[in-house]
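Me: I'd like a close look at one part of this protein before I plan my reading of the rest. Could you walk me through it and then place it in its surroundings?

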Amino acid sequence: MATREPGVVNNAVYVDGERVATPATLAETFALLAEKPDAMAWIGLYRPESFLLAELAAEFGLHELAVEDAVHAHQRPKLERYGETLFLVLRAAHYDDDVEHVDFGELHVFAGPRFVITVRHSEGPDLSIVRRHMEATPDAMHGGTEAVLYAILDAVVDGYRPVVEGLANDIDEIETQVFSGDPRVSRRIYELNREVIEFQRAVVPLGGIIKQFEAGFADGHVEEELEPVLRNIADHVTQATEKVEEFRVLLRDVLAVNTSLVGQRQNEEAQRLSEASNAQAEQTRRISGWAAILFAPSLIGSIYGMNFDVMPELHQWWGYPAALLAMLGSSVVLYIVFKRRGWL
């Protein structure tokens, strides 16, 4: 019978790696554990209310600080030991190819000798896949809660591979955008850099968590059959960490190149504007020069165009020839002056 308690998405009891019950309530789970000393409970919670975690804390002796972290979330990846109980915080990542964006989720795991409690605050990771795989694989749960914990950790780390591939593809596209002069690339570089930093915060702490696991599980040692699983997880974590560092360097270099190219394009644009301004000034000088040349004859002609009869040269035969010579002379002089100054 499926559980109906709010916040509980999966609730199962296992004996020797086999599911023997799917209790409808946590109270039934507690009763079954009391009846079967060799049983193990795997309880999955999704955004549970604080009272639900308080109930589990009272039954399994969960530390109040760990419970408080699980309620409020927003924790960095870490592994803490409280007696025989481990408290693990993981950051799951999922690459959404449709919008080219990385979604991050937070997962808290309590693991004791006879129980595993997972607390999700986001849709990912989908732990039902992990559960079904372990239930369908013979002897997968013979390692008890340690095997379940490693399987959950392995699923989260395996989820980083598509993220790495997606980020690598995004960086390739950004490099193309940078050299094509796309003005939107600066914003995309900034957003992608933020995603890489967030991914780095999820991946890098796992190196320390793996070392803690290698030093021994809650009982002080790692089961021999689980050592290859832990080594495989450590190898994937190392690969993801190296990729994150590579992405940080690439994005830094891409940003530097983009800044240089933007500056170069701005300089070229400024040079074009300067050349256009110089050409405009040259045209203005030419127009002004010719206007000045034409102004002198116009001034003389306008004076003679007035209806005065007191101008002596009007009654002399040389009057008009002299006026025409004055017009021509002034124009020639102005032309020579402007020509020498490079205005014409």
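In which helix do E191 and R187 lie, and how many residues apart are they?

Reply: Happy to! Please keep in mind that this is a predicted model. E191 and R187 both belong to helix α7, where 4 residues, about one turn of the helix, set them apart. The two form a salt bridge, and their closest N and O atoms are 3.1 Å apart. Side chains of opposite charge can pair when their charged atoms come close.

How much of each partner is open to the outside? R187 has a relative accessible area of 62%, so it counts as exposed. E191, at 37% relative accessibility, is partly exposed.

Helix α7 spans residues 185-203 and also contains R188, which takes part in another pairing. R188 forms a salt bridge with D170, the closest N and O atoms being 3.5 Å apart. D170 lies in helix α6 (residues 160-180), so this pair ties together parts that are 18 residues apart in sequence. Both D170 and R188 are buried, whereas R187 is exposed.

Salt bridges turn up elsewhere too: a search of the whole structure finds 12 of them. One of them joins D253 to R252, with the closest N and O atoms 3.9 Å apart. There, D253 counts as partly exposed at 39% relative accessibility, and R252 counts as exposed at 54%. Salt bridges also link R91, E106, E198 and R201 into a network.

That network leads us to the strands. Strand β5 covers residues 85-96, and 10 of its 12 residues are buried, so the rest of the structure largely encloses it. On one side of the pairing, β5 runs antiparallel to strand β4 (residues 78-82), and 5 bridges join the two. Among these contacts between strands, R81 has L86 of β5 as its bridge partner. The β4 and β5 strands form a hairpin with 2 residues between them, and G83 in the turn has a positive phi of about 65°.

β5 also pairs with strand β6 (residues 101-112), again in the antiparallel sense, over 11 bridges. L90 finds its bridge partner in β6, namely L107. This hairpin has 4 residues between the strands, and E100 takes a positive phi near 50° there.

Two threonines show what these strands sit against. T85 is found in β5 and counts as buried at 10% relative accessibility. Leaving aside residues up to four places away in sequence, T85 touches L62, E80, A111, G112 and F115. T118 is placed in strand β7 (residues 115-120). With 3% relative accessibility, T118 counts as buried. Its contacts, with residues up to four places away again left out, include W42, I43, L107 and I152.

Some of those names return in the nonpolar interior. The largest nonpolar core has 58 residues, and W42, I152, Y160, F199 and F213 are those with the most contacts inside it. Helix α9 (residues 227-304) supplies the largest share of this core, 10 residues. A second, separate core of 27 residues includes I43, L62, A66 and I117. T118 touches W42 and I43, with W42 in the largest core and I43 in the second.

What about nonpolar side chains on the outside? W290, L328, V332, Y335 and I336 make a nonpolar surface patch of about 460 Å². Helix α10 (residues 319-340) gives the most to it, with 4 residues. L328 is found in that helix, and its relative accessible area of 52% means it is exposed.

Finally, here is the wider frame for your pair. The chain comes to 10 helices and 7 strands. Of its 344 residues, 41% count as buried. Among contacts with a separation of 6 or more, 63% are between residues 24 or more positions apart. The chain exposes about 19,100 Å², and carbon and sulfur atoms supply 55% of that area. Back in helix α7, then, you have E191 and R187 4 residues apart, with R188 reaching over to D170 through a salt bridge.

How values were computed
Residues numbered from 1 in each chain as written. Predicted model: local features only at pLDDT ≥ 70, side-chain atom pairs only at ≥ 80, totals over all residues. Heavy atoms only, no water. Patch = residues over 30% accessible without salt bridge, like charges linked within 9 Å, V, L, I, M, F, W, Y side chains within 5 Å. Areas by Shrake-Rupley, 256 points an atom, 1.4 Å probe, with all protein chains shown as cover. Salt bridge = Lys/Arg side-chain N within 4 Å of Asp/Glu carboxyl O. Buried < 20%, exposed > 50% of the residue type's maximum accessible area, 1.4 Å probe, protein only. Core = buried A, V, L, I, M, F, W, Y, C linked by side-chain atoms within 4.5 Å. Pairing = 2+ DSSP bridges. Contact = heavy atoms within 4.5 Å.
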